[in-house]
Amino acid sequence: MQWAIKAARLYDGTRQAMVQDAVVLLKNTRIAAVGPAAAVSLPPDIEVVDAGDRTVMPGLIDAHVHILFTGGPRSGEESRTMSDNQVLLTGVQNAQLGLRSGLTTVRDCGDRNYLSLELRDFINAGNLAGPRMVCSGPVITTTAGQLWWSGMECDTDDELRRAVRTLVKNRVDFIKLMGSGGNATPGSNPEVSQYNISGFQAVTDDAHRMGKKVAAHVHGVDSIRLAVQAGIDTLEHVPFRTHGTIEYDPRLVDEMIEKDLVVSLAMPATWYRLRAEDMVDVRAHPQHLWTQRYDTIRRMFEAGVKLVVSSDQGSTSTRIDELALLMEFLVRELELPALDMLYGVTGLAAEALGIDDELGTLSPGKIADLVVLNGDPSADITALQRIHLVIKDGKVVVRDGALTW
Ligand SMILES: [Zn+2]
C-alpha cells in the first residue's frame, strides 16, 4: 500500500536544516521517497494526507529508559518491592504512554528478570501498541552495587565475562554495565568506580566479540576515565563527580571524541523543577552542583561530543512522556541549538543504538517511523509536546494523543 504525507516543513533526522513544503511517500512499512514536494513525483491515485502547517520528522528515540518502572516519586523503592506481574503491567502502561508521546523506539537500560524482553517481543509480534525496544535485560553490577536488586552481581573478571555471555544467550540487545555507584542505591558510591580497568575491558571485549554494544552508567570522573579507556560505546549520565563536587576534564572529553564514543545524558527533565521533599528516595547532586552539571553539558557539546538526549525514565519522578520537556530545558535554559538536540533524539540516537541502517532518519528504504507535530520545533522546541500523528511501520498508531489501534 502506498500513501503520502505533505507538510509545511520536514526535519530529516540529520544535522541539515528543515526542508520547506515537503512530502514523504510511504510504501507498506518503508519510506519510498522524501524531499521537497516539487522534487518528489507521487504515483497517481494514491491517498495524500495534507498535514498543513505542521512538521514531519523521524519518530523520537529515548536512548535511556527503564520502561518497567513507574518513574513515580518513590520509583526506586517501588522497583525493589513490586511483584514481577506489577512490573510487567507497568511496562505495558509505559509502552502505550511513550508511543502516545511520540517515542517510536526506546533503549531499555536495565530491567528485572528479563521482563523487558517479553515486552519487546510482544510489541514486535504486533500484539501491543508500543515503541520498538532495544533491551539490556538485567544490569551488570557489583555485589551490593548500583541496582543490585535487579541486576547480575559480579565481582571478578571471570564473573563479568560469564554475565555477558549469559545475557547474550538470553537474547539481550546490548550490555548495561554499572561503572560507578549511583543515586538510587543506598550504600553505593556514585563518585567511585565499581571495577578496575580489567573489569571494564573484560566486559567490552567479550560484548564486542559477540557483536553487542556496551552502555556504562558512569557518575564519577574515575569511572568515566576507565570507560573511555576500555572503549565503552555509550557513556550514560557523565556528570564528572569527584570529592563532593563536579570537575570537568577537557582532556578526557577530547579522548571521548577521538574514540568516537557517545555521551547519553540520561538526565530527568523534571529534576530541576523539584523541591528537596519531592526527592524522597534519591540522593541527587546537592542543589548547588546542578549549575556545574549543566555547565559540563554545554562544554561537552561545544567540544564536539556526540550528545544523545535521553531521559532516564523510571528513575525518581521521571515519566516516559517527558523527553520533550528535557528538550525544552536543553534548548531554552541551557541555550543549546534546537537542531542539534533534535539530532540527539533521532539520527544520532539511532547511531548510538546501532540501528541507523533502518531508523532515525527519513530517507528512502528506511522503516517508516515518523511523527507529525503541530508547529516548528526548530523555532519553538515545545512543538515536541504537541504531537499530531505517530506513524510506526508506515501505519498511523496515534492521532492527537489517542491510540488508533
Ligand atoms: Zn538509568
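I'll start with one side-chain pair: D249 and R225 are joined by a polar contact of 2.9 Å between their side chains. This is a predicted model, so please hear every distance with that in mind.

Staying with D249, its place is in the loop between β14, residues 245–246, and α7, residues 250–258. The side chain of D249 also reaches a backbone atom, the nitrogen of R251, at 3.0 Å. If we set aside residues up to four places away in sequence, D249 touches R225 and F240. Is D249 buried or exposed? D249 comes out as buried, because its relative accessible area is 12% and the cut-off for buried is under 20%.

Next, L307. This residue lies in strand β16, which covers residues 306–308. L307 has a relative accessible area of 5%, so it counts as buried as well. What does L307 contact once its neighbours within four places in sequence are left aside? The list is V263, L265, I297, F301, G344 and L348. For a sense of span, take T166: L307 and T166 are 141 residues apart in sequence, and their C-alpha atoms are 30 Å apart in space.

Now the domains. The chain is divided into domain 1, made of 2–58 plus 360–403, and domain 2, which is 60–353. Taken over C-alpha atoms, the centres of the two domains are separated by 29 Å.

How many residues of each domain are in contact with the other? For domain 1 the number is 29, and for domain 2 it is 28. Between them the domains bury about 2300 Å², with 68% of that on carbon and sulfur atoms.

On the polar side, the count between domain 1 and domain 2 is 4 salt bridges. R332 forms a salt bridge with D380, where the closest N and O atoms are 3.2 Å apart. There are also 10 residue pairs in polar contact across the interface, with both residues at pLDDT 80 or more.

Which elements supply the side of domain 1 that touches domain 2? At least two residues come from each of β5 (54–58), β18 (387–392) and β19 (395–399). The largest share comes from β18, with 4 residues. By residue class, that side of domain 1 divides into 15 nonpolar, 9 polar and 5 charged.

To recap the two residues: D249 is buried at 12% relative accessible area, and L307 is buried at 5%. For the interface, the figures to keep are about 2300 Å² of buried area and 4 salt bridges.

Methods:
Residues numbered from 1 in each chain as written. Predicted model: local features only at pLDDT ≥ 70, side-chain atom pairs only at ≥ 80, totals over all residues. Heavy atoms only, no water. Domains from an automatic or database assignment. Contact = heavy atoms within 4.5 Å. Buried area = accessible area lost by both parts, 1.4 Å probe. Salt bridge = Lys/Arg side-chain N within 4 Å of Asp/Glu carboxyl O. Polar contact = N/O pair within 3.5 Å; in protein donor to acceptor, adjacent residues only side chain to side chain. Nonpolar A, V, L, I, M, F, W, Y, C, P; charged D, E, K, R; others polar. Buried < 20%, exposed > 50% of the residue type's maximum accessible area, 1.4 Å probe, protein only.
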